[in-house]
Amino acid sequence: MSQNTSDTGPRRHFLRTVMAVVGTVPLAPQQLAGAGIAALAAGSAAAADAQPPAGVPVLVGYACFSADEAAFVESMVNVMCPADQYTPNGVDCGLAIFIDRQLAGALGQGAGRYMSGPWEPSKPQMGLQLPLTPAQFFSAGVAAANRQCRTQLGKTFDQLAPADADAFLKDLSHGKVKDDELTLAPWFNELMYPLFEQACFSDPLYGGNYDKVFWKMVGYPGLPATHTLDMVNFRGKPYPGARDPKSIVDFS
Amino acid sequence: MIKKLPKRTVVIIGGGLTAGLISRQLTSQGVDVLVLERGGEHAEGAEAKLPTQRDELRWDTRQGLVQRWNVQTYTLRHNRQDAAAPIRWMEAFLPGDGVGGAANHWNGHTWRWSEYEPTLRTHYVDRYGKNAIPSNVTLQDWGITYREMEPYHELFEKLFGISGQAGNVNGKKHAGGNPFEAPRRGDYAQKPLITTQAGLQFTAAAQKLGYHPFPMPVANSSGTYTNPDGQKLGQCQYCGHCERFICEAQAKGTPDVLLYPMLRQRKSFELRQHAHVLGIDYDRAGKRVTGVRYIDVQSGQEYEQPADVVVLAAFTMTNNKLLLQDGIGQPYDPATGLGVVGKNFCYQTNSAVNLFMKNSWMNPFLATGGTAMCIDDFNNDNFDHTGLDFLGGGLISAGMFSGRPIKSRRLPPGTPRWGTAWKQASADWYAHSMGLSVQGSCYPNTENFLDLDPVYKDAYGQPLVRMTFDWRANEEKMSAFVTRKMEDIARTMGADIVGPAAPRKSPFDTRVYQTTHITGGTIMGADPHSSVVSPRLQHWDAQNLFVVGASVFVHNAGYNPTGPLAAMALRLGEDLVDYVQRPRELA
């Protein structure tokens with residue numbers, strides 16, 4: 001498989017992922033700005049965080065994505081989460097792995113979702129009314145988005161330059177990309193966007209939010225929390241635990 | 001083949017809060033009680049232990065403690081002319097599943113409703129005249145008074161260790177409490193929770209505007225606590241994982257901590273789990289019920305369980321479903337206004353606004369499900385409605401309940417939905433933002449009701465409950481008014497940015513969580529023609545069937561329903577001790 005890493009075609013992101021996730025160096029908190037974290041990140045604790053964390057599991061390999069789907073999602077999460085002063089790029093943050101695992105698992109298979117017919121179109125406020133599991137809806141949506149991307153721009157989504165890909169996602173979210181077979185705005189807004197947010201802010205247990213990078217970014221201390229004294233001592237003040245969040249993984 | 005079981009004295013459908021409270025009363029007098037609960041136990045599961053308890057994705061986003069929609073959901077249409085669609089994944093409200101029911105994953109807000117609420121129709125007519133209530137707003141008196149219920153409120157607050165600040169003790173106003181509260185006999189069981197930074201800033205602004213801020217009364221235990229039954233609560237650690245979670249510290253007053261472990265030690269009590277009730281056996285001619293039918297969801301075996309008395313103590317929707325399905329009582333017909341079952345279905349009319357203050361550390365993760373400062377100045381009829389073209393109102397509060405980062409990140413209006421600017425806004429504002437919210441009343445409307453869906457079925461082949469519901473004119477106008485009052489407070493707080501304060505408007509949207517406080521459909525009252533159960537919660541058309549829970553509420557106030565429904569359950573338990581010895585129509 002590694003012989004193919006020089007491939008610059010649509011599949012390149014998929015193959016890079018394995019390398020990138022394995023090789024991720026967590027972002028040093030000094031690089032983080034933002035009022036929420038800046039005041040906390042200054043100080044000696046930051047230096048210790050620059051080492052790759054021990055014991056953080058690295059998930060590699062997709063459980064359900066096809067090559068096209070992997071390429072689409074990797075491009076999407078890298079556009080939505082570019083490498084910047086806050087975090088590494090979306091793939092390196094584990095966002096694609098998270099989405100893959102969720103779609104391969106209970107969510108994707110429609111656990112808990114009412115799936116009896118008849119299937120009639122309805123108002124948006126009643127929620128999606130399609131006889132598809134979320135995983136099937138995902139696949140159909142990637143195909144439709146790529147179909148429209150090819151029609152409009154002559155390329156599949158993963159082949160777009162980042163600025164074009166960003167514009168395409170905005171058009172998707174605003175309902176400006178029309179497809180005869182599938183309504184793409186709810187696909188993006190009610191399936192893909194929530195998965196993106198969840199990938200960023202869930203416990204790293206699920207493969208996203210690698211090294212708690214998003215928790216560090218906002219200053220969420222994670223768990224456990226025995227805050228009775230903190231309620232008074234840190235009311236209206238920066239909370240020191242926010243610089244070193246703890247996840248389920250840290251206690252497992 | 002259905003198996004018939006030996007007869008029991010009292011069979012309770014649903015193993016939640018009200019069933020636990022009724023069972024407490026009955027078993028203390030040795031009355032035989034069987035509780036049928038469709039779900040299992042939570043106390044020893046991953047949901048109740050660290051570190052797995054603190055998993056926002058699993059318990060909150062993916063609704064790990066909530067009714068499974070593939071087994072049973074509801075259909076919705078906004079108007080009875082429309083076709084209804086099944087809600088395939090509900091976000092708007094979250095019935096529980098398992099021992100303790102929805103009261104396991106609640107936040108703990110515990111109110112005594114205003115003294116005038118059980119006699120609201122009389123109150124409005126007395127204050128504003130006989131034309132004050134529009135003809136399509138079917139308010140009616142409940143057939144009880146607050147005075148009758150006060151001892152049971154008192155008992156519930158002691159049992160659940162409610163933390164709060166009294167504002168009205170026997171008519172004497174106490175500074176720092178709620179001056180609008182119904183008169184209490186004494187202090188709350190425990191002192192109030194510690195106030196958050198958001199609460200302090202809200203309090204200052206509310207006082208500046210001449211309002212009366214006070215801490216929310218809650219079942220989050222401000223100290224270690226032992227209740228009158230000897231059951232214990234730990235001290236709350238302000239971890240921000242209350243609503244949608246099981247408290248691993250046993251610091252939240254819930255049935256699975258305070259009731260069921262105790263009940264299991266009592267000889268006359270039995271809890272049967274994984275027992276999903278399919279129907280109530282109704283002897284129409286005899287005007288009585290003979291028992292219930294249920295399926296053991298682990299084996300698939302169906303059972304007939306005979307009973308002297310049946311108590312319907314499930315969530316609002318299931319209470320309605322079983323009565324409608326088994327033809328107990330006359331279904332409500334909106335075309336004629338006749339019939340009662342399914343009538344006066346209400347929700348709550350909520351709205352919110354976000355505030356962003358770069359110089360204030362709000363630290364949203366230092367919180368409980370009940371760390372809120374509130375004002376009641378614009379709730380219900382606490383303010384003069386003369387000249388206003390609506391009735392009702394809302395509680396305005398600065399509730400900081402959690403900093404869970406998937407859902408509790410507030411972003412200023414205009415923030416891009418992704419990219420570096422989105423990250424920057426998340427980083428800048430997560431610890432420096434707060435919200436205000438309105439929990440508004442919802443009055444009954446002739447066009448809001450429940451019946452059985454003619455098309456869609458649940459996993460057992462039974463019809464789904466169909467909601468015909470939308471925000472009607474009275475609620476939209478109320479929301480516009482109270483939301484403006486909330487916005488005024490927000491603007492007084494000196495925020496750098498105040499988000500849009502959008503009042504609640506039609507259409508009702510099932511994709512957004514609003515509150516689990518749905519009420520009505522099996523309403524109580526003194527007149528059998530306009531109510532399903534009597535003021536003693538006894539079914540008018542089946543003397544040995546009792547219905548309890550928010551489904552008996554005639555309307556919904558700007559308060560959480562738990563206080564009154566718990567008080568009613570405690571009183572019902574007491575009544576049933578008497579009833580099983582001498583069955584009769586209770587006066």
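Trainee: Which residues of H8(A) are buried?

Mentor: In this predicted model, the buried residues of H8(A) include Leu184(A), Trp187(A) and Phe188(A), followed further along by Met192(A). An α-helix has 3.6 residues a turn, so residues three or four places apart point the same way. Towards the end of the helix the list continues with Leu195(A), Phe196(A), Glu197(A), Gln198(A), Ala199(A), Cys200(A) and Phe201(A).

Trainee: Against which elements do the buried residues of H8(A) pack?

Mentor: The partners come from both chains, since the buried residues of H8(A) pack against helices of chain A together with a helix of chain B. In chain B the partner is helix H2 (56–61), and in chain A the partners are H4 (67–80), H5 (95–104), H6 (134–153), H7 (162–173) and H9 (213–218).

Trainee: Where does H8(A) bend?

Mentor: The ends of the helix agree with the expected span, because 18 residues at 1.5 Å a residue should cover 26 Å and the end C-alpha atoms of H8(A) are 24 Å apart. Even so, H8(A) bends by about 30°, and Pro194(A) follows within four residues of the bend, which is at Met192(A).

Trainee: What pattern does chain A follow along its sequence?

Mentor: Chain A holds ten helices and zero strands, and 45% of its 252 residues count as buried. Among its contacts between residues at least 6 apart in sequence, 65% join residues at least 24 apart. Read along the sequence, the pattern is α-α-α-α-α-α-α-α-α-α.

Trainee: Which element gives the most to the side of chain B that touches chain A?

Mentor: Contacts link 59 residues of chain B with 58 residues of chain A. The elements of chain B that give two or more residues to this side are H2, S5 (85–86), H9 (420–429) and S20 (449–457). By class, this side of chain B has 26 nonpolar, 19 polar and 14 charged residues. The element that gives the most, with six residues, is H9(B).

Trainee: Which strands are the edges of the open sheet of chain B that contains S5 and S20?

Mentor: The open sheet has four strands in the order S5-S4-S21-S20, with mixed pairing. Within this sheet, S20(B) and S21(B) (residues 463–468) run antiparallel and are joined by five bridges, with Lys457(B) partnered by Pro463(B). The strands that pair on one side only, and hence form the edges, are S5 and S20 of chain B.

Trainee: Which residue takes a positive phi in the hairpin of S13(B) and S14(B)?

Mentor: S13(B) (residues 288–296) is joined to S12(B) (residues 275–283) by eight antiparallel bridges, and in that hairpin, which has four residues between the strands, Lys287(B) takes a positive phi near 50°. S13(B) also pairs with S14(B) (residues 302–312) in the antiparallel sense over five bridges, with Val292(B) opposite Gln305(B). Here five residues lie between the strands, and the residue with a positive phi, near 85°, is Gly300(B).

Trainee: With which residues is Val548(B) in contact, leaving aside its neighbours within four places in sequence?

Mentor: Val548(B) is one of the residues that touch the most other members of the largest nonpolar core, which has 238 residues; Ile22(B) and Val311(B) are also among them. Of the contacts of Val548(B), Met568(B), Ala569(B) and Leu572(B) fall in the range of H11(B), residues 562–581, a helix with 14 of its 20 residues buried. The full set is Thr18(B), Ile22(B), Val311(B), Ala313(B), Leu537(B), Met568(B), Ala569(B) and Leu572(B).

Conventions: Residues are numbered from 1 along each chain as its sequence is written. Chains are lettered from A and ligands numbered from 1 in the order in which they are written. This is a predicted model: local features need pLDDT of at least 70, side-chain atom pairs count only at pLDDT 80 or more; totals for chains, interfaces and linings use all residues. The expected span of a helix is 1.5 Å times one less than its number of residues. The bend at a residue is the angle between axes fitted to the seven residues ending there and the seven starting there. A residue is buried if 20 or more other C-beta atoms lie within 10 Å of its own, exposed if 12 or fewer, and partly exposed in between; C-beta atoms are placed from the backbone. Two residues are in contact if their C-beta atoms, placed from the backbone, lie within 7 Å. A nonpolar core is a set of buried Ala, Val, Leu, Ile, Met, Phe, Trp, Tyr and Cys residues joined through C-beta atoms within 7 Å. Two strands pair if DSSP finds at least two bridges between them. Ala, Val, Leu, Ile, Met, Phe, Trp, Tyr, Cys and Pro count as nonpolar, Asp, Glu, Lys and Arg as charged, and the others, Gly among them, as polar.
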